[in-house]
Amino acid sequence: MRKQVACRKPCVMFVGISNKQGVAALDSATTTGRVIDKLASSLSGCTFIKTNLVSWAPAGPDGRLRYPTPAEIEADRPRLKSEIERSRPHVIIALGTVVANALARTAGGKRQPRAPGHFVYQPMPTPYGTVVAVHHPAYVAVYQRRHIRRYLSAVSTAVAAAIAAARVP
């Protein structure tokens, strides 16, 4: 893991669920990574950090990647919290409901993205900082492909609004 320092220019942290073994968090070789790269290119002047809710690839009995259990998420929460504290992002993008709920849980509630095709995202305060909960990029790329431009625009707009609200130069 590389040493991280606080961001000087507007900093956006993307938090995914987990990654496949031997692949970096939100790597460009994945569907999610490719969508994140498109999103990052639309947010010029920002620094980007990519990480995951859990730092390993949880696998089921059949060896296939699965969602992490609540216990696994809790076990890796100190690592994620430390990573957030070290980098001090201005905005955290929670990629999907699992991540959004995990980050919002400590804020006293659940926050889920709206129904498919309804890409309206609002920043929410959490103990981790400002979080924008969005649909998971792979879901949009695969099941809502015709709406990908609207999705990218909506996420970019929400991030820009959160950065402006934080009064980042």
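Two strands are taken to pair where DSSP finds at least two bridges between them, and in this predicted model a hairpin of two residues joins strand S4 to strand S5. The two strands of this hairpin run antiparallel and are paired over four bridges. Within the pairing, proline 123 lies opposite valine 132 of S5. The side chains of S4 alternate between two faces: Met124 and Thr126 point to one face and are buried, whereas Pro123 and Pro125 point to the other and are not.

The secondary structure of the protein consists of five helices and five strands. Read from the N terminus, these elements follow the order β-α-β-α-β-α-β-β-α-α. Of the 169 residues, 46% count as buried. The surface exposed by the protein amounts to about 9100 Å², of which carbon and sulfur atoms supply 54%. Among contacts with a separation of 6 or more, 69% are made by residues 24 or more positions apart.

Confidence in the prediction was considered next. The mean pLDDT of the protein is 81, and 86% of its residues reach 70 or more. Among the elements, helix H2 (residues 70-87) has the highest mean pLDDT, at 92, and strand S4 (residues 123-126) the lowest, at 81. Over residues 1-5 the pLDDT is below 50, and this stretch has eight contacts in the model beyond near neighbours in sequence. Where pLDDT is low, the predicted coordinates should not be read in detail.

Strand S3 (residues 91-95) is mostly covered, with five of its five residues buried. The cover extends to both faces of S3: Val91, Ile93 and Leu95 are buried on one side, and Ile92 and Ala94 are buried on the other. S3 takes part in two parallel pairings, described here in turn. Strand S1 (residues 11-16) runs parallel to S3 and is joined to S3 by four bridges. In this arrangement methionine 13 stands opposite isoleucine 92 of S3. Strand S5 (residues 129-134) likewise pairs with S3 in the parallel sense, over four bridges. Here isoleucine 93 is placed opposite valine 132 of S5. Valine 132 thus stands opposite isoleucine 93 and also opposite proline 123. S5 accordingly pairs in the parallel sense with S3 and in the antiparallel sense with S4.

The charged side chains were then examined. The count of salt bridges comes to six. One of these is formed by the side chains of aspartate 37 and lysine 50, at 3.0 Å from N to O. This pair links distant parts of the chain, since aspartate 37 belongs to helix H1 (residues 31-42) and lysine 50 to strand S2 (residues 47-52), 13 residues apart. Aspartate 37 has a relative accessibility of 28% and therefore counts as partly exposed. Lysine 50, at 29% relative accessibility, also counts as partly exposed.

Further salt bridges involve residues of helix H2. Glutamate 74 forms a salt bridge with arginine 77, and the closest N and O atoms are 2.7 Å apart. Because glutamate 74 and arginine 77 are three residues apart in H2, about one helical turn separates them. The partners differ in cover: glutamate 74 counts as partly exposed at 40% relative accessibility, while arginine 77 counts as buried at 12%. A salt bridge also joins the side chains of lysine 81 and glutamate 85, at 3.9 Å from N to O. These two residues are four positions apart in H2, so that about one helical turn lies between lysine 81 and glutamate 85. Lysine 81 is partly exposed, with a relative accessible area of 42%. In addition, Asp76, Arg79 and Glu83 are joined into one network by salt bridges that share partners.

Glutamate 83, a member of this network, is found in helix H2. Its relative accessibility is 4%; since the limit for burial is under 20%, glutamate 83 counts as buried. The side chain of glutamate 83 also makes a polar contact of 2.8 Å with the side chain of threonine 51.

Definitions and conventions:
Residues numbered from 1 in each chain as written. Predicted model: local features only at pLDDT ≥ 70, side-chain atom pairs only at ≥ 80, totals over all residues. Heavy atoms only, no water. pLDDT = per-residue confidence, 0-100. Contact = heavy atoms within 4.5 Å. Buried < 20%, exposed > 50% of the residue type's maximum accessible area, 1.4 Å probe, protein only. Polar contact = N/O pair within 3.5 Å; in protein donor to acceptor, adjacent residues only side chain to side chain. Areas by Shrake-Rupley, 256 points an atom, 1.4 Å probe, with all protein chains shown as cover. Salt bridge = Lys/Arg side-chain N within 4 Å of Asp/Glu carboxyl O.
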